[in-house]
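Welcome, and thanks for taking a look at this one with us. Please have the sequence and the 3D view open as you read.

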Amino acid sequence: MAENIKCLLVGIDTVLISEVEELDATIGDPDCRLIKPMKFLGVDDMKPWVEASGQTEYMIRSSDILTIADPTPEVVEAYLKLTE
């Protein structure tokens, strides 16, 4: 599972740490499932991406992701502690 945990830049100031699952979809439809996305503010400061919702999975279009990167081992460890 840790290999599916990614850093996602989805806005100028919005970095998410999330498990990412790519899906087959029609062009323009959501093709990525974010599982337990956390808004990253720092290694010791992550909070649910959509605090007003109890959902743990969100669908987005890959075209809405500005960039994807591998998180550091410290970030993965902190993320897993928060989401397990």
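This report walks through the helix, the cores, a pocket and a few single residues of a predicted model.

## Helix α1 and what it packs against

Let's begin with helix α1, which spans residues 73–83. Its buried residues are Val-75, Val-76, Ala-78, Tyr-79, Leu-80 and Thr-83. In an α-helix there are 3.6 residues a turn, so residues three or four places apart point the same way.

Which strands do the buried residues of α1 pack against? They pack against β1 (5–11), β2 (14–22), β3 (32–42) and β4 (45–48).

## Two nonpolar cores

The largest nonpolar core has 10 residues. From the helix and elsewhere, its members are Ile-5, Cys-7, Ile-17, Met-38, Met-46, Val-75, Val-76, Ala-78, Tyr-79 and Leu-80. Two or more residues of this core come from each of β1 and α1, and the largest share, five residues, is given by α1. As background, nonpolar side chains tend to be buried together in soluble globular proteins.

Ile-5 is a handy residue to select in your viewer. Setting aside neighbours within four places in sequence, Ile-5 is in contact with Ile-17, Ser-18, Glu-19, Pro-71, Val-76, Tyr-79 and Leu-80. Apart from the largest core lies another one, of seven residues, including Leu-16, Cys-32, Leu-34 and Ile-60.

## The largest pocket

The largest pocket holds about 160 Å³ of space. Its lining has 13 residues, and those nearest the centre are Pro-37, Met-38, Pro-48, Gln-55 and Thr-56. Both β3 and α1 give two or more residues to the lining, with the largest share, three residues, coming from β3.

What is the make-up of the lining by class? There are seven nonpolar, four polar and two charged residues.

## Ser-18, a buried residue of β2

Is Ser-18, in strand β2, buried or exposed? Ser-18 counts as buried because its relative accessibility is 0%, and the cut-off for buried is under 20%. The side chain of Ser-18 reaches the backbone oxygen of Ile-35 at 3.2 Å.

Beyond four places in sequence, the residues in contact with Ser-18 are Asn-4, Ile-5, Lys-6, Leu-8, Leu-34, Ile-35, Lys-36, Pro-37 and Tyr-79.

## Asn-4 and its partners

One of those contacts, Asn-4, is found in the segment before β1. Asn-4 has a relative accessible area of 32%, so this residue is partly exposed. Its contacts, again leaving out neighbours within four places in sequence, are Ser-18, Glu-19 and Val-20. For Asn-4 and Glu-19, the C-alpha to C-alpha separation is 5.2 Å, with their positions 15 residues apart in sequence.

## Lys-36 and Asp-13

Lys-36 is another contact of Ser-18, and Lys-36 lies in strand β3. Most residues other than glycine have a negative phi. Phi of Lys-36, however, is near 55 degrees, a positive value in a residue other than glycine. Lys-36 is partly exposed, because its relative accessible area is 35%.

Finally, where is Asp-13? Asp-13 sits in the loop between β1 and β2. With a relative accessible area of 69%, Asp-13 is exposed, as the cut-off for exposed is over 50%. Asp-13 and Val-50 are 37 residues apart in sequence, and their C-alpha atoms are 15 Å apart in space.

Technical notes:
Residues numbered from 1 in each chain as written. Predicted model: local features only at pLDDT ≥ 70, side-chain atom pairs only at ≥ 80, totals over all residues. Heavy atoms only, no water. Buried < 20%, exposed > 50% of the residue type's maximum accessible area, 1.4 Å probe, protein only. Helix = DSSP H or I, 4+ residues; strand = E, 2+ residues; numbered from the N terminus. Contact = heavy atoms within 4.5 Å. 1 Å grid on protein atoms, 1.4 Å probe; cavity = no way out; pocket = protein on both sides within 12 Å on 5 of 7 lines; lining within 4 Å. Points joined across faces, edges and corners; volume = space filled by probe spheres on them. Nonpolar A, V, L, I, M, F, W, Y, C, P; charged D, E, K, R; others polar. Polar contact = N/O pair within 3.5 Å; in protein donor to acceptor, adjacent residues only side chain to side chain. Core = buried A, V, L, I, M, F, W, Y, C linked by side-chain atoms within 4.5 Å.
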